[in-house]
Amino acid sequence: MEKREKTRRLFPGMQSVAARLDMVAEAVEVLRGEAETEITGIREKVRERRGLQIHEVCVLSQKAAARLGKAQGCYITCRIPAVQDEKSIAVAAAVIGEELAALLPPLQGKSLLLVGLGNREAIPDALGPRVAEKSFATRHLFQEQEQEGLNSLCVLCPGVTGMSGMEAAESVSALARQLQPAAVLLVDSLAAASVSRVGLSVQLTDTGISPGGGVGNRRPGISRENCGCPVLAMGVPTVVDTAAIIEGTLHSLGKFWQERGQFLPALSDEACHFAEQELLQAFGGRLMVTPKDIDQLIADAAEILAAAIAIAVHPAAGMDNFHDFIR
């Protein structure tokens with residue numbers, strides 16, 4: 001097994017939340033535990049592209065998928081720099097765009113349907129709509145004539161059920177059946193267990209998505225089965241599950257006292273769940289938190305993802321000129 005990313009080990013008591021984590025790299029880390037036990041049915045690879053670390057997880061069996069609470073398929077996590085100047089944004093966009101291009105089917109003669117999931121009025125959930133707004137739709141141009149250096153891209157923001165009265169899965173699948181695109185690409189905000197991942201990780205997958213799953217509001221899934229074509233998804237964590245913060249804090253305190261010779265009983269899932277319910281009782285046992293600079297985080301992430309999509313979709317787009325292909 002190749003050397004994995006050096007991050008704070010998510011603690012074993014978090015086994016109870018593994019299935020509700022959006023970030024598959026985190027869910028695998030939780031299930032593996034501190035003993036680094038390998039998980040049957042999962043293949044991992046860590047590599048680099050343009051100096052950025054890529055963590056690839058392939059879920060190969062239904063049993064492994066059930067343990068993770070995720071669909072079978074490929075999940076790619078890219079770490080992006082904390083300091084996002086023009087150069088680092090260009091490099092991140094190029095890396096993510098190249099990874100996305102490898103997952104996309106050929107687009108010649110067909111469109112890519114880009115779908116920005118989320119609520120544009122709620123900043124932590126606005127990533128999908130912001131990416132859609134920054135992306136130039138080109139499908140209508142091809143109705144007149146072929147466009148050199150471009151491919152056909154159409155864009156949809158279905159909104160949230162409380163505003164439209166429709167599930168995103170209903171509107172996306174209906175449009176996909178009508179347009180028959182080469183693929184659907186979903187963009188959504190994600191929830192993380194580790195604060196260090198917020199705004200600094202991008203996850204790509206070829207498995208589709210279940211909107212709202214990471215914040216306990218799981219909606220009907222959007223997948224190849226209901227769209228009739230490949231469905232890819234990409235997202236950035238913008239919130240952290242407070243339950244993970246509580247459990248991580250308990251684990252850190254336990255290590256602190258054990259290193260000083262104090263005996264403490266092992267922290268079980270049951271004990272951690274009790275602490276969560278006690279502390280989060282006023283919030284129904286679930287609370288998501290987001291950084292105070294979430295506005296800038298969303299703006300930066302939206303630019304990187306929109307640029308990455310342009311680089312993946314349009315042959316003429318690259319890390320030196322991506323601004324010409326986004327708003």
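**Helix crossing and two positive phi values**

Guide: In this predicted model, helix α3 (residues 86-103) and helix α10 (residues 294-313) cross at roughly 50°, their axes coming within 7 Å.

Visitor: Why are α3 and α10 called oblique to each other?

Guide: The axes cross at roughly 50°. Angles under 35 degrees count as roughly parallel, and 65 to 115 as roughly perpendicular. The value fits neither class, so α3 and α10 are oblique. Their crossing is right-handed.

Visitor: Which residues of α3 and α10 meet?

Guide: From α3 come Ile89, Ala92, Ala93, Ala94, Ile96, Gly97, Leu100 and Ala101. From α10 come Glu303, Ile304, Ala307, Ala308, Ile309, Ile311 and Ala312.

Visitor: How do the residues of this contact divide into nonpolar, polar and charged?

Guide: There are 13 nonpolar residues, one polar and one charged. Gly counts as polar and Glu as charged. Gly97 and Glu303 are therefore the polar and the charged residue.

Visitor: What makes the phi of Arg50 notable?

Guide: Most residues other than glycine have a negative phi. Arg50 is not a glycine, yet its phi is positive, about 55°. Arg50 sits in the loop between β1 (42-49) and β2 (52-59).

Visitor: Where is Gln180, and what is its phi?

Guide: Gln180 lies in the loop between α6 (168-179) and β6 (183-192). Its phi is also positive, about 50°, and Gln180 is not a glycine.

Visitor: Why is Arg50 called partly exposed, and Gln180 exposed?

Guide: Exposed means over 50% relative accessible area, and buried means under 20%. Arg50 has 46%, so Arg50 falls in between and is partly exposed. Gln180 has 56%, so Gln180 counts as exposed.

Definitions and conventions:
Residues numbered from 1 in each chain as written. Predicted model: local features only at pLDDT ≥ 70, side-chain atom pairs only at ≥ 80, totals over all residues. Heavy atoms only, no water. Axes fitted to C-alpha atoms, helices over the stretch in contact; angles between N-to-C directions. Helix = DSSP H or I, 4+ residues; strand = E, 2+ residues; numbered from the N terminus. Parallel < 35°, antiparallel > 145°, perpendicular 65-115°, else oblique. Left-handed = near helix turned anticlockwise from the far one by under 90°. Contact = heavy atoms within 4.5 Å. Buried < 20%, exposed > 50% of the residue type's maximum accessible area, 1.4 Å probe, protein only.
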